[in-house]
Amino acid sequence: FLDLDHFKTVNDSLGHDVGDQLLVTMKDRILSAIRKTDTLARLGGDEFVIMLTDSPGTSEIRAIADKVIAEVSRPVTLHGHEFRLGASIGIAVAPEDGTAFHTLLKSSDTAMYHAKAAGRSSVCFFDKSMNARVIRRLDMEAKLRRAIDNDEFEIHYQPKIALPDRTLCGAEALVRWRHDGVLVPPAEFIPIAEETGLIVPLGLIVLTSVLRHIRAWRDEGLRTPRIAVNLSARQLFRPDLAATIFRLIAEYDLSPQNIELELTETQMMADPERAEAALSQLHDAGFSITVDDFGTGYSSLGYLKRLPIQCVKIDKSFIQDIGADSRDEALVDAILAIGRSMKLDVVAEGVETEEQLQFLSKRGCPQIQGYLFSRPMPEEQFRHWELD
Ligand code: C2E
Ligand code: CA
Ligand code: CA
Ligand code: CA
């Protein structure tokens, strides 16, 4: 079972004509990688099935799969655009994984999902434990859907502190799921929400809750620091994102200055041109845009210059090794220098120790966030939170 990686993005942004041509090219490439005796069928969309009927051994199957991926991943130029697709391949073998065609198809499809989850251009053989995992995932998805209908989410806020004065200069909104009385951390449900598209309604719940809170603070005469909201690429690439945000801001009678939008580097780079277009719309309306997890992706400085961003957030993995790894210190220094020369704000996240704070203040880091000052906290606590 083969599913192309990134095909949908190309098809959505450049249209079905380009998409169709691309599929023909990919079909020819797959054919050139398999043997004369093998069969290739297209299931629909960007999904293909390859049948090897002479029961080759595992290593030979893998060699064929690797060759197919190598062919598919070569760059293609169409209408002056250069693309590089990839493919995820799941493999089922008869008779171990089934003998009926539909069973093999289902097993290889399951294996393909595991390959997809492992990252681009992976190959995965089916094994029986995968069924249990798929069921757990489906179960999680159903629970998440219900949680969205029943509004089981809470927003916690983590302060951002300006240096050197150590004043509150904003906060990040972080979603929590209260499920059967337990707070489920985002790492356990955001990835599934992203995969299933549920991040779109969930993101809307987060944004609405944040605006409701800010409005309440203002109505009660409390401070209204700028709140950073995390956006996923799925949200960013929806054509109605900007309109939805504008409508909500107007509904709560707030201004774009109340909100900052955080997107990870990797998500922006999934499709830099579309990201640029979508972010420009928000930036022009007055929203501040931050690149999250900066330094962990592969964005080029060229894009950093092109994108309408105001702030970069140094990933906590670099902060954590301050004092232990001089290469991480050099990297933090370099990011601070980039920030200064490109007139971008810089936030260091994950600051946990006094030593990290000392290092960052000495190097002139303008803002920090981390457990040293505060963990994320419920709204009731954050509204009166003071730095001691
Ligand atoms: P992130 O955006 O990088 O958020 C920072 C994470 O670091 C948060 O984890 C925060 O609690 C944690 N953190 C803060 N200070 C420290 C520290 O000093 N040390 C350490 N070790 N960790 C610290 P959290 O709340 O578990 O969120 C994890 C991720 O889930 C976030 O990473 C973000 O990618 C995602 N997420 C959270 N809320 C939302 C949301 O509303 N929408 C979307 N799309 N993603 C969200
Ligand atoms: Ca696909
Ligand atoms: Ca963030
Ligand atoms: Ca981060």
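The following legends describe four views of a predicted model.

**View 1. The whole protein.** The protein has 388 residues, of which buried ones make up 31%. Its secondary structure comes to 16 helices and 17 strands. The C-alpha trace spans about 75 × 45 × 45 Å along its principal axes. Of the contacts with a separation of 6 or more, 61% are between residues 24 or more positions apart.

**View 2. The open sheet of five strands and helix H3.** The strand order is S2-S3-S1-S6-S7, and the pairing is mixed. At the edges stand strand S2 (39–44) and strand S7 (123–125); each has a single partner strand, so one side of each is left without a neighbour in the sheet. On average, neighbouring strands of this sheet are turned by 25° against each other, direction ignored. Strands of a sheet pair through backbone hydrogen bonds, in either the parallel or the antiparallel sense. For strand S1 (residues 2–5) and strand S3 (residues 47–51) the sense is antiparallel, over two bridges. Leu2 has Phe48 in S3 as its bridge partner. Helix H3 (residues 58–73) packs on the sheet, where it touches S1, strand S6 (86–91) and S7. The direction of H3 makes about 160° with that of S6.

**View 3. Buried and exposed sides of helix H9.** Helix H9 covers residues 241–251, and its residues Leu241, Ile245 and Ile249 are buried. These three cover an arc of only 65° around the axis, which puts them on the same side of H9. Ala243, Arg247, Ala250 and Glu251, on the other side of H9, are exposed. The packing partners of the buried residues of H9 are helix H7 (199–219), helix H8 (233–236) and helix H11 (272–284). Just after H9 comes Asp253, with a positive phi of about 55°.

**View 4. The shell around ligand 1.** Ligand 1 is surrounded by 22 residues. The closest of them are Leu174, Pro186, Asn230, Gly370 and Tyr371. Two or more residues of the shell come from each of strand S9 (167–179), H7 and strand S13 (288–294). H7 gives the most, with three residues. H7 is also one of the helices against which the buried residues of H9 pack. Sorted by class, the shell has 11 nonpolar, six polar and five charged residues.

Methods. Residues are numbered from 1 along each chain as its sequence is written. Chains are lettered from A and ligands numbered from 1 in the order in which they are written. This is a predicted model: local features need pLDDT of at least 70, side-chain atom pairs count only at pLDDT 80 or more; totals for chains, interfaces and linings use all residues. A residue is buried if 20 or more other C-beta atoms lie within 10 Å of its own, exposed if 12 or fewer, and partly exposed in between; C-beta atoms are placed from the backbone. Helices (H or I, at least four residues) and strands (E, at least two) are DSSP runs, numbered from the N terminus. The arc is that of the directions from the helix axis to the C-beta atoms. Two residues are in contact if their C-beta atoms, placed from the backbone, lie within 7 Å. A residue is near a molecule or strand if its C-beta atom, placed from the backbone, lies within 6 Å of it. Ala, Val, Leu, Ile, Met, Phe, Trp, Tyr, Cys and Pro count as nonpolar, Asp, Glu, Lys and Arg as charged, and the others, Gly among them, as polar. Two strands pair if DSSP finds at least two bridges between them. Axes are lines fitted to C-alpha atoms, for helices over the stretch in contact, and angles run from 0 to 180 degrees between N-to-C directions.
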